[in-house]
Amino acid sequence: MPDDVEPRDLDKVARGELKTLSKENADWVAKHLVMAGRLIDEDPEEAHKHALSAGRRAGRISVVRETIAITAYQVGDYALTLRELRTYRRISGRDDQLPLMVDSERGLGRPERALELGRSVDVSTLDAQVRVSLAIAMSGARLDLGQPQAALGELEIPQLDRTKAFSYSPALFAAYGTVLEDLGRPDEGEKWLELADRAEDALAALEHGGDDGETVEIVEEDVDVSDERPVGLDDVGVGALQDLGDVEPEPREGVDDLNGPEHESDEQHDEEQGQHDETADPETAPQGTDHVDDHRG
């Protein structure tokens, strides 16, 4: 553990979850979580080890199980990701990691189950960022099944608004443009991909306080975050992006007709794959298959 790591470096909401632990234990868990966050991009394997170490000390804390799941996803262990996120959902009662669960089902080669899982929750109860991530994951599952038209329909949600850019907009625009290209509509797809780049540039300019010549309008959304752990998502929009043509989303034809039965319960999954309420050791954790994302941002 590096000398410069302090428990106070952990997000205060996450630290609040550790109050049920002894102070000494809480401090060590906090340090491991800080290191997991610090290393997740540059060294995901080492980040995963820190998450597992935190799990051995605090296996019934939701933020710990969530961290294990996220790091497991980064190292390609989709089976462990699913088990940890099911436990996270039971402990926290939250659905904010549903897109990651859907994409992990895809990673395990089960796109049908991914779609069932994505339909198991009322999307109107999800935050905009989670709703967009879920739509992208569901669209990817449709592509896995060779259903590009349905994949396009999954992305035609209210957040697909070409006149405003939020933190989720570049990924959504890019996913939409990619599916259009898969459908043999390269001109339309190119315009949406260009729009994704423009949205990303405008958001970067706003974040750094720069001025790249765009007319930027700030739009504030009323978002209730009183009970949510901050995840660094931007709820400030950038408006007045230049329209790049008359391309409009197509009507969502036939997508609802493809909906199947509700996803089986977590308990049924646990019966199939084994109950996993405690953290798996790295030596015994089953490894998922390699996963190639179709259009994740």
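In this predicted model, L172 makes a good set of contacts beyond its own stretch of chain: once neighbours within four places in sequence are set aside, V132, I136, L155, I157, Q159 and L160 are all in contact with L172. L172 is also one of the residues of the largest nonpolar core, a group of 24. Along with L155, F173, Y176 and W192, L172 touches the most other members of that core. Two or more core residues come from each of α8 (128-144), α9 (148-155), α10 (169-182) and α11 (186-207), and the top contributor is α10, with six. Another core lies apart from this one; its 21 residues include L10, M35, L52 and I61.

Since α10 gives the most to the largest core, the helix itself comes next. α10 runs for 14 residues and spans 20 Å from first C-alpha to last, close to the 20 Å expected at 1.5 Å a residue. Its buried residues are S169, P170, L172, F173, A175, Y176, G177, V179 and L180. The cover over them includes α8, α9, β1 (164-165) and α11. After α10 comes G184, with a positive phi near 80°.

Then there are the rings. The structure has four aromatic pairs, among them F173 with W192, an edge-to-face arrangement with 5.5 Å between centres and 65° between planes. F173 belongs to helix α10 and W192 to helix α11, so this pair ties together parts 19 residues apart in sequence. Both F173 and W192 are buried. W192 also pairs with Y176: the ring centres are 5.0 Å apart and the planes sit at 70°, which is over the 60 degrees needed, so this pair too counts as edge-to-face. Here again the link is from helix α10 (Y176) to helix α11 (W192), so the parts tied together are 16 residues apart in sequence. Y176 is buried, as is W192. Put together, the ring pairs join F173, Y176 and W192 into a cluster.

W192 has a charged partner as well: R162 lies over the face of W192, 4.9 Å from the ring centre. A lysine does something along these lines at W28, where the charged end of K31 sits over the ring at 5.2 Å from its centre.

To pull the threads together, W192 is among the residues touching the most other members of the largest core, is linked by ring pairs into a cluster with F173 and Y176, and has R162 over its face.

Definitions and conventions:
Residues are numbered from 1 along each chain as its sequence is written. This is a predicted model: local features need pLDDT of at least 70, side-chain atom pairs count only at pLDDT 80 or more; totals for chains, interfaces and linings use all residues. Side-chain values use heavy atoms; hydrogens and water are left out. A nonpolar core is a set of buried Ala, Val, Leu, Ile, Met, Phe, Trp, Tyr and Cys residues joined through side-chain atoms within 4.5 Å. Buried means under 20% relative accessible area, exposed over 50%, partly exposed in between (1.4 Å probe, protein chains only). Helices (H or I, at least four residues) and strands (E, at least two) are DSSP runs, numbered from the N terminus. Contact means heavy atoms within 4.5 Å. Rings of Phe, Tyr and Trp (its six-membered ring) pair if their centres lie within 6.5 Å; planes under 30 degrees apart count as stacked, over 60 as edge-to-face and the rest as tilted. A charge sits over a ring if NZ of Lys or CZ of Arg is within 6 Å of the ring centre and within 35 degrees of the ring normal. The expected span of a helix is 1.5 Å times one less than its number of residues.
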